[in-house]
Amino acid sequence: MQHLMGLSRSELTEFVLGLGLPRYRSDQIFRGVHERRLRSFEQMTDLPKSLREQLEQAATAATLTVESKHISTDGTRRYLMKTHDGRPVEAVYIPTESRDTICFSSQSGCALNCDFCLTAKLGLLRNLTAGEIVEQTIIVLNDVYGEGVETPHGTNLVAMGAGEPFQNFSNLIKALEIMSDEHGLFIVPGRVTVSTSGIVPKIYEFAKLERRPNLAISLSAATDELRDRLMPINKRWNLDELLTAAKEFEKTLKRGERFTFEYVLLGGVNDSDAQARELAELLRKHDLRRAKINLIPHNPAEQLDYHPPTADQVLRFKEILEAEGVSAYVRTPRGRDIYAACGQLAAKSEPNLVQLAGV
Ligand code: SAH
């Protein structure tokens, strides 16, 4: 069964022609699926009934089911979905005053095994298809704005859910292309950020893409010794290789564009004054001081042996970086109480007790 959400406009045309249908039907179907975000052919009442029935036999526009929806006290929503073969998929809706962000997953589970991340506990279940990636976004948009209602301009998309996007590179890029189509969701690359743990060869490949989203690189340590421990992927590509790739990527940016490093702050582990200076020094060594640093205080969970630093220490870390000429921002935790914050997607159905206990 062909999942139509994973087909680009030209692939959909091929498919439609293959069914012996005229070309203009393809445009109608593309708009139905991506612009009106309809997940059943029955609702595409601009198509004749016989055609809807024919499509029903050959294709689908809905392979994910929503198992549960969790709403945080801060308005963040987490959707726990399942694939047709029973794998968990999670997406998060994060409203702010100025814009809404949708965070989607690129894989079910994750293979990376970062020590501070709850998703790691799932292991890698499988890569998601391009259609499953697009469908997550559509499900969230429909829930938030209603089916058939145009996607508000300014909706941001981040590939920061479960999984390592660069270990599912071609499906990710394809999904982003489909979602950027002006006759569909029309979420342009400038509104999208892809986060990688540091799959170095893919950073070079990504740099070559013509219509490219923004990039974020998860760093979280300024020495190989510590990063090896926190993020085992560092044993494959170390900091020197990673930052060399980051520098090459930076060279391809247009004026005014920047990329981001993410640094998860772990209390007593990587948050000292000396470590802030070490980080600034590392960026200076690689001539990367123009990159932006997003500091993410650790989001705790019962199975994780880490805790966030005090608010004072977070501020100190940021100020030391700034004094060294590095621009640093603190990412406000969102949806911690419902396992929706960074590093908390682990297919949970219950609330986060650690957070509720105020730890
Ligand atoms: N695998 C990719 C995409 C995930 S993005 C990557 O690592 O970049 C999720 C972000 O949340 C990453 O920057 C990751 O380092 C961070 N993160 C993981 N666990 C976390 C936790 N418990 N608290 C705060 N941030 C966490």
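**Exercise 1.** Which residues of helix H1 (residues 9-18) are buried? Work out how they sit around the axis.

*Solution.* First, the ground rules. This is a predicted model, where local features need pLDDT of at least 70, side-chain atom pairs count only at pLDDT 80 or more, and totals for chains, interfaces and linings use all residues. Residues are numbered from 1 along each chain as its sequence is written, and side-chain values use heavy atoms, with hydrogens and water left out.

Step 1: take buried as under 20% relative accessible area and exposed as over 50% (1.4 Å probe, protein chains only). Helices are DSSP runs of H or I with at least four residues, strands are E runs of at least two, and both are numbered from the N terminus. The buried residues of H1 are then Leu12, Thr13, Phe15 and Val16.

Step 2: these residues cover an arc of only 165° around the axis, so they lie on the same side of H1. That arc is taken over the directions from the helix axis to the C-beta atoms.

Step 3: flip to the other side of H1, and you find Ser10, Glu14 and Gly18 exposed.

**Exercise 2.** Find the polar contacts of the ligand with Ser218, His298 and Cys342.

*Solution.* Step 1: look for pairs of N or O atoms within 3.5 Å.

Step 2: go through the atoms.
- Ser218 puts a polar side-chain atom 2.6 Å from a ligand oxygen.
- His298 has a side-chain N or O atom 3.0 Å from a ligand nitrogen.
- Cys342 uses a polar backbone atom, 3.4 Å from a ligand nitrogen.

Note on methods. A polar contact is a pair of N or O atoms within 3.5 Å; within protein, one must be able to donate a hydrogen and the other to accept it, and residues adjacent in sequence count only if both atoms are side-chain atoms.
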